[in-house]
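Biologist: Could you take a close look at one part of this model for me, the helix packing, and talk me through what you find? Feel free to wander to the ligand and the backbone oddities afterwards.

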Amino acid sequence: MSARTVLPAAGPLRGRVAVPGDKSIAHRAVMFNAAARGEALVRGLPSGRDVASTIAAMARLGARIGSTGPGSVLVRGCALAFDRAPGSIDCENSGTTMRLLCGLLAGQQGLDATLIGDASLSRRPMRRVAEPLARLGAVIETTDGHAPVRIRGTGLSGAEVALAVASAQVKSAVILAGLQARGTTVVVEPAVSRDHTERLLAAMGVDIAVSGSTSHAAGGSSVHAAGGSTLHAAGGSTLHAAAGCRVQVRGPSALRCVDVSVPGDPSSAAFVLAAAAIVEGSEVVVERVLLNPTRLGFLEVLRRMGADVGSSVEELVGGEEVGTLSARFSRLRAFDVAAGEVPATIDELPLLAVVAAFAEGVSTVRGAAELRVKESDRIAATAAMLGAMGIRVDVFDDGFSVHGGTVRGGANIVTHGDHRIAMSAAVAALACADGVTLDDADSVAVSFPEFFDVLRRLGA
Ligand code: S3P
């Protein structure tokens, strides 16, 4: 644990940068290929700890994964025939690793595995994944609803499962179990969460179909599966009108390895763009970023604030939109985020709270109780962070209101070991009068180890 002081930017932030590979896609590219038949090259992996946890877990389960250069691995899949006695598998800080593995391993007859995690992951809810999986016949025991989670693989039968929360991790777990189950599995989610699992599995040959509404933050693009089949085309519904969606998967289904080139992570790009929006005179461009609409809610919110942000889709890579994002400093006004927009903005809400502190007026986020069960209680952590900088924050069970004002520096920020809280506080520091000291800056290594270097390259 090492403290770090972030000084205000001496001048505008300027330049073109790349950010590490998308964490959500990287987990899936490694995990699904490790479960598939054949061999695949996965390039553009982020060096952060979370994806390393997935690589180690899949190697432990019997896949052969070898480095072929920085950010690049060759995965030899085990065709859904994992080691039956892997013992305990350490998912460290990674909720995606733990929850997706629950679904992937549930249908492995004769397998007995225990998933463990660090202190933060061990506080996060796991019943939300064990219960829907039980509907398919899975045998998963949590420890009072938390990790350690013991999975005893067994034969599964397809079922229709309605999820109580819009969670891509839980949805993905049910889909992964469903592709090993006999018959059809349908997952219905209350609002549309990120759909990388659906897109990648379609490219790997799984019989999967999506229907319902999508949340199109980037304006009306359809969701296509690699290979050209349209998975989902919901005529131009907007982010505000996000409604539930149904995913249907028919099992048992084989998985075919596919090469994946992981685009930049929009959740990491968001920190750079937000910094440019609040540091006077700034202008930054982030290249080769994932532009999947289910991930771009923050861009829509920044636009509503009057921020000068741009996005342009330049190519489709493995069924995912990829292109450029840009942001320029501008005067900002307050925003509201309602429940329907939360899944598309979930990881960026602490950062949007920071931007709100620099905007005129009171910004409000509601329907975001999920923030309380992330790597930290992000409602409490965000309110305390901004409070330490002299900003008034009203806290609700399911969100917060941030009163824009004068952001004071000189504060000591408790990050709770949460990477997104640490990076959000660092962004605030860039635009306030004095530096801000983070109690622990090491956590940025979970998703964006290059964070401070990228800011420096832009002139911070
Ligand atoms: C993720 C889903 C989201 C998100 C997390 C990554 C994924 O979590 O917050 O950072 O890759 O599926 P939930 O599924 O809990 O909403």
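Modeller: Sure, and let's start with a crossing: helix 1 passes helix 6 in a right-handed way. Keep in mind that this is a predicted model. Helix 1 covers residues 23–35 and helix 6 covers residues 196–203; their axes come within 10 Å and cross at roughly 35°. On the helix 1 side, the contact is made by Ser24, Ile25, Arg28, Ala29 and Phe32, and on the helix 6 side by His196, Thr197, Leu200 and Leu201. Sort those by class and you get five nonpolar, three polar and one charged.

Two of the helix 1 names are worth holding on to, since Ser24 and Arg28 also turn up among the residues around the ligand. The rest of that list is Thr96, Arg99, Ser167, Ala168, Gln169, Arg194, Ile346, Asp347 and Lys374. Arg28 has a side-chain N or O atom 2.6 Å from an oxygen atom of the ligand. For Ser167, a side-chain N or O atom is likewise 2.6 Å from a ligand oxygen. Gln169 does it with the backbone instead: one of its backbone N or O atoms lies 2.9 Å from an oxygen atom of the ligand.

Back to the helices, this time with helix 10, residues 349–357. Its partner helix 12 spans residues 419–430, and the two pack at an angle of about 15° with their axes 9 Å apart. Angles under 35 degrees count as roughly parallel, so helix 10 is roughly parallel to helix 12. Their crossing is right-handed. From helix 10, Pro350, Leu351 and Val354 meet Ile421, Ser424, Val427 and Ala428 of helix 12. That contact of helix 10 with helix 12 has six nonpolar residues, one polar and no charged ones.

Helix 10 also packs against helix 11, residues 378–388: the axes come within 10 Å and cross at roughly 25°. That angle makes helix 10 roughly parallel to helix 11. Here too the crossing is right-handed. Pro350, Ala353, Val354 and Ala357 are what helix 10 brings, and they meet Arg378, Thr382, Met385 and Leu386 in helix 11. By class, this contact of helix 10 with helix 11 comes out as six nonpolar, one polar and one charged. If you're tracing side chains, pick out Pro350 and Val354: they are in the contact with helix 12 and in the contact with helix 11.

Now for the backbone oddities. The peptide bond from Ala147 to Pro148 is cis, with omega near -5°. Pro148 sits in strand 9, which runs over residues 146–152. Another cis peptide bond joins Gly251 and Pro252, where omega is about -5°. Pro252 is in a loop, the one between strand 15 (245–251) and strand 16 (260–261). Last up is Glu92, which isn't a glycine but still has a positive phi, about 50°. You'll find Glu92 in the loop between strand 6 (87–90) and helix 3 (95–106).

Terms used: Residues numbered from 1 in each chain as written. Predicted model: local features only at pLDDT ≥ 70, side-chain atom pairs only at ≥ 80, totals over all residues. Heavy atoms only, no water. Axes fitted to C-alpha atoms, helices over the stretch in contact; angles between N-to-C directions. Helix = DSSP H or I, 4+ residues; strand = E, 2+ residues; numbered from the N terminus. Parallel < 35°, antiparallel > 145°, perpendicular 65-115°, else oblique. Left-handed = near helix turned anticlockwise from the far one by under 90°. Contact = heavy atoms within 4.5 Å. Nonpolar A, V, L, I, M, F, W, Y, C, P; charged D, E, K, R; others polar. Near = heavy atom within 4 Å. Polar contact = N/O pair within 3.5 Å; in protein donor to acceptor, adjacent residues only side chain to side chain.
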